[in-house]
Amino acid sequence: MEQIKTNLDQDFVDYVSHGAEVKENLANKSFTKFVMRAMMAGMLLTFMYMTFYSVEALFEGVGNETTNLANVGMFYGAWIFAFALIFIYYTKSELLTSNMMGMTLAKLENKTSWAGFTKVLTYTYVGNLLGGLFVAILIAGSTIITPDMQTLMAHTAETKLSYVQAGPSGYLDLLIRAIWCNFFINLGMLPIYMGLAKSDFGKIISIFGAIFVFMRLGFEHSVANTVFFILVAVTGTAHMSLATVIPSLVVAIIGNWIGGGILIGASYVYLNREK
């Protein structure tokens, strides 16, 4: 009797692990080129964050005591922010949360070393951070961020930092939000990496749906939070302490790795191993 194939998604594992090898080779060959690719992702996230608050501020002042359209602004703002990952995908930029899944999968498949794993993720995060800083510095010298946007951004910064200020329960809340954030991000990429979303329209819908979910449910993205905190600090929108910012980002990074690296990357490696 013909043996039935059980590793149905081996093509996905092979595709992602090969991509991780390519990223490691680029990181070994040129720090500058790799970081520049990662900077593009940080820049795009920063611009989409500003656009999100611009849209939200547009609706914030519309309505009266009985009819307020602030939630409508947040709804459409989430639509706009979804294009951040779409642009990142089509510009072939490097994003930490996506690479968490790819490098974890590649390590479990013995396609990379711990040194390569660490190098790619470190270079990616450094580039993402520098991209956000570059945009923030230039934005600070302009009037692009309006007072209404600053008010909303200051409120968001307060909310994001309130998790670590709340103690153990807040840390757990932040960790859970970070886990599901990167789970959905990589879930949106699965149909693309599996070759199921073949058209550009299909790819965009897959990415859009995943990002919309994490934005609307208030999940926490480590890189988005990093560039957001940089933008808020550089533009003087709100006062923040490194004593709360750094723990917040560390927990978000750990949670994102669990959501993308373990729940997606490691799970598919396990599912496609015969033994």
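Modeller: A salt bridge is a side-chain nitrogen of Lys or Arg within 4 Å of a carboxyl oxygen of Asp or Glu. This is a predicted model.

Colleague: What makes Lys160 and Glu220 a salt bridge?

Modeller: The closest N and O atoms of Lys160 and Glu220 are 2.9 Å apart. The cut-off is 4 Å, so the pair counts as a salt bridge.

Colleague: Which parts of the chain does this pair tie together?

Modeller: Lys160 lies in helix 6 (residues 147-165), and Glu220 in the loop between helix 8 (200-216) and helix 9 (222-234), so the pair ties together parts that are 60 residues apart in sequence.

Colleague: Are Lys160 and Glu220 buried or exposed?

Modeller: Both Lys160 and Glu220 are buried. That label needs under 20% relative accessible area.

Colleague: How many salt bridges are there in the whole structure?

Modeller: A search of the whole structure gives 3. One of them joins Glu94 and Lys23, with the closest N and O atoms 2.7 Å apart. Glu94 sits in the loop between helix 3 and helix 4 and Lys23 in helix 1 (residues 10-29), so this pair ties together parts that are 71 residues apart in sequence.

Colleague: Why is Glu94 called buried?

Modeller: Glu94 has 5% relative accessibility. Buried means under 20%, so Glu94 qualifies. Its partner Lys23 is at 23%. That value falls between 20% and 50%, so Lys23 counts as partly exposed.

Colleague: What makes Asp173 and Arg177 a salt bridge?

Modeller: Their closest N and O atoms are 2.9 Å apart, and the limit is 4 Å. Both residues lie in helix 7 (residues 168-193), 4 residues apart, about one turn of the helix. Asp173 has a relative accessible area of 30%, which makes it partly exposed. Arg177, at 23%, is partly exposed too.

Colleague: Turn to the rings. Why is the pair of Phe52 and Tyr53 called edge-to-face?

Modeller: The structure holds 20 aromatic pairs. In this one, the ring centres of Phe52 and Tyr53 are 5.0 Å apart, with 85° between the planes. Rings pair if their centres lie within 6.5 Å, and planes over 60 degrees apart count as edge-to-face, so both tests are passed.

Colleague: How do you know that Phe52 and Tyr53 are buried?

Modeller: Phe52 is at 8% relative accessibility. Tyr53 is at 2%. The cut-off is under 20%, so both are buried.

Colleague: What makes Trp180 and Phe183 an edge-to-face pair?

Modeller: Their ring centres are 5.2 Å apart, and the planes meet at 90°. The limits are within 6.5 Å for a pair and over 60 degrees for edge-to-face. Trp180 and Phe183 both lie in helix 7, 3 residues apart, about one turn of the helix. Trp180 has a relative accessible area of 36%, so it is partly exposed.

Colleague: Which residues do ring pairs link into a cluster?

Modeller: The cluster is made of Tyr49, Phe52, Tyr53, Phe81, Phe214, Phe228 and Phe229.

Colleague: Now the surface. What makes the patch of Lys29, Lys33, Arg37 and Lys92 positive?

Modeller: Its members are Lys and Arg residues, and Lys and Arg count as positive.

Colleague: How do you know that Lys92 is exposed?

Modeller: Lys92 has a relative accessible area of 59%. Exposed means over 50%, so Lys92 meets the test. Lys92 is in the loop between helix 3 (70-90) and helix 4 (96-108).

Colleague: What stands out in the backbone of Lys92?

Modeller: Phi of Lys92 is near 55°, a positive value in a residue other than glycine. Most residues other than glycine have a negative phi. Asn110 also has a positive phi, about 60°, and it is not a glycine. Asn110 is in the loop between helix 4 and helix 5 (114-140). At 64% relative accessibility, Asn110 counts as exposed.

Colleague: Which residues make the nonpolar surface patch?

Modeller: Phe31, Val126, Leu129 and Leu130 make a nonpolar patch of about 280 Å². Helix 5 gives the most to the patch, with 3 residues.

Colleague: Why is Val126 called partly exposed?

Modeller: Val126, in helix 5, has a relative accessible area of 32%. Partly exposed lies between 20% and 50%, so the label fits. Patch members need over 30%, so Val126 also passes that cut-off.

Conventions
Residues numbered from 1 in each chain as written. Predicted model: local features only at pLDDT ≥ 70, side-chain atom pairs only at ≥ 80, totals over all residues. Heavy atoms only, no water. Patch = residues over 30% accessible without salt bridge, like charges linked within 9 Å, V, L, I, M, F, W, Y side chains within 5 Å. Areas by Shrake-Rupley, 256 points an atom, 1.4 Å probe, with all protein chains shown as cover. Charge placed at Lys NZ, Arg CZ, Asp CG, Glu CD. Helix = DSSP H or I, 4+ residues; strand = E, 2+ residues; numbered from the N terminus. Buried < 20%, exposed > 50% of the residue type's maximum accessible area, 1.4 Å probe, protein only. Phe/Tyr/Trp six-rings, centres within 6.5 Å; stacked < 30°, edge-to-face > 60°.
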